[in-house]
Amino acid sequence: DRPGGQELNRRMSNAELDINVEAFTNLREAMGPKFEIAVHCHWEFDWIDALRLARGMEKIRPWWLEDPMPFNYSESWVKLTAASPIPILTGENLYGRGDFRTFIVNNAIHIAEIDISQAGGLLEAKRIADLAYVYNIPVATHNVMGPVATIASAQAAAAMQDFIGHETF
């Protein structure tokens with residue numbers, strides 16, 4: 001629950017927006033302009049608040065806004081991606097080309113993030129990346145499965161066109 005007894009929902013108060021923007025602005029000032037910052041939202045927002053956050057983050061120029069809305073496809077992803085001043089990324093919880101296809105062909109993301117361990121393995125990850133390439137969408141990889149999966153992601157990335165980065169813990 002939020003302070004004051006409000007139940008959680010996908011909306012962000014103005015105070016919460018201001019706190020997030022201030023925190024990432026402080027990070028940008030501390031790290032400088034050459035350090036890439038990814039803003040991970042953990043599927044928390046509706047499209048209006050995801051867009052409000054994206055606009056608030058524009059000044060710090062993050063690498064991407066990750067998983068701002070629930071990962072099931074909806075037209076809200078298309079609206080958000082079209083209106084966002086910063087790159088929108090999702091994919092770590094998508095499985096196979098079928099899940100990615102809808103996001104890619106509808107321009108519902110700026111960057112596709114493939115988790116090799118969850119998306120169907122090395123060959124399926126390459127197929128997803130090839131599909132994204134046809135639509136001029138760069139790819140990143142994601143891994144929380146440990147060092148073997150990190151090495152597999154690096155190997156897959158070496159074979160992907162328009163690969164831009166890897167997220168790992």
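Is Glu113 buried or exposed, and what is its relative accessible area? Glu113 is buried, with a relative accessible area of 0%. The legends below start from the whole chain and return to this residue. The model is predicted.

**View 1. The whole chain, with seven helices and six strands.** Reading from the N terminus, the elements follow the order α-β-α-β-α-β-α-β-α-α-β-α-β. The C-alpha atoms fill a box of roughly 50 × 35 × 30 Å along the principal axes. The radius of gyration is 16 Å. A compact globule of 169 residues would have a value near 15 Å, so the chain agrees with that expectation. Of the 169 residues, 41% count as buried. Take the contacts with a separation of 6 or more: 65% of them join residues 24 or more positions apart.

**View 2. The surface and charges of the chain.** About 8,800 Å² is exposed. Carbon and sulfur atoms supply 56% of that area. The chain carries 14 positive and 22 negative side chains. The centres of these two sets lie 6 Å apart.

**View 3. Helix H3 and its buried face.** Helix H3 spans residues 75–83. Its buried residues are Trp77, Leu80 and Thr81. Down the axis of H3, these residues fall within an arc of 95 degrees, so they line one face of the helix. An α-helix has 3.6 residues a turn, so residues three or four places apart point the same way. What lies over the buried residues of H3? The cover includes helix H2 (47–57), strand S3 (88–90) and helix H4 (96–105).

**View 4. Glu113 in strand S4.** Strand S4 covers residues 111–115. Glu113 is buried because its relative accessible area is 0%, and the cut-off for buried is under 20%. Which residues are in contact with Glu113, leaving aside neighbours within four places in sequence? Among them are the acidic residues Glu66, Glu92 and Glu167. Trp64, Leu89, Phe100 and Ala140 are also in contact with Glu113. So are Thr90, Gly91, Thr141 and His142.

**View 5. Leu27 in helix H1.** Helix H1 runs over residues 14–31 and holds Leu27. Leu27 is partly exposed, with a relative accessible area of 32%. That value lies between the cut-offs of 20% for buried and 50% for exposed. Ile37 sits ten residues from Leu27 along the chain. The C-alpha atoms of Leu27 and Ile37 are separated by 8.5 Å.

Note on methods:
Residues numbered from 1 in each chain as written. Predicted model: local features only at pLDDT ≥ 70, side-chain atom pairs only at ≥ 80, totals over all residues. Heavy atoms only, no water. Helix = DSSP H or I, 4+ residues; strand = E, 2+ residues; numbered from the N terminus. Rg over C-alpha atoms; globule rule 2.2 N^0.38 Å. Buried < 20%, exposed > 50% of the residue type's maximum accessible area, 1.4 Å probe, protein only. Contact = heavy atoms within 4.5 Å. Areas by Shrake-Rupley, 256 points an atom, 1.4 Å probe, with all protein chains shown as cover. Charge placed at Lys NZ, Arg CZ, Asp CG, Glu CD. Arc of directions from axis to C-beta.
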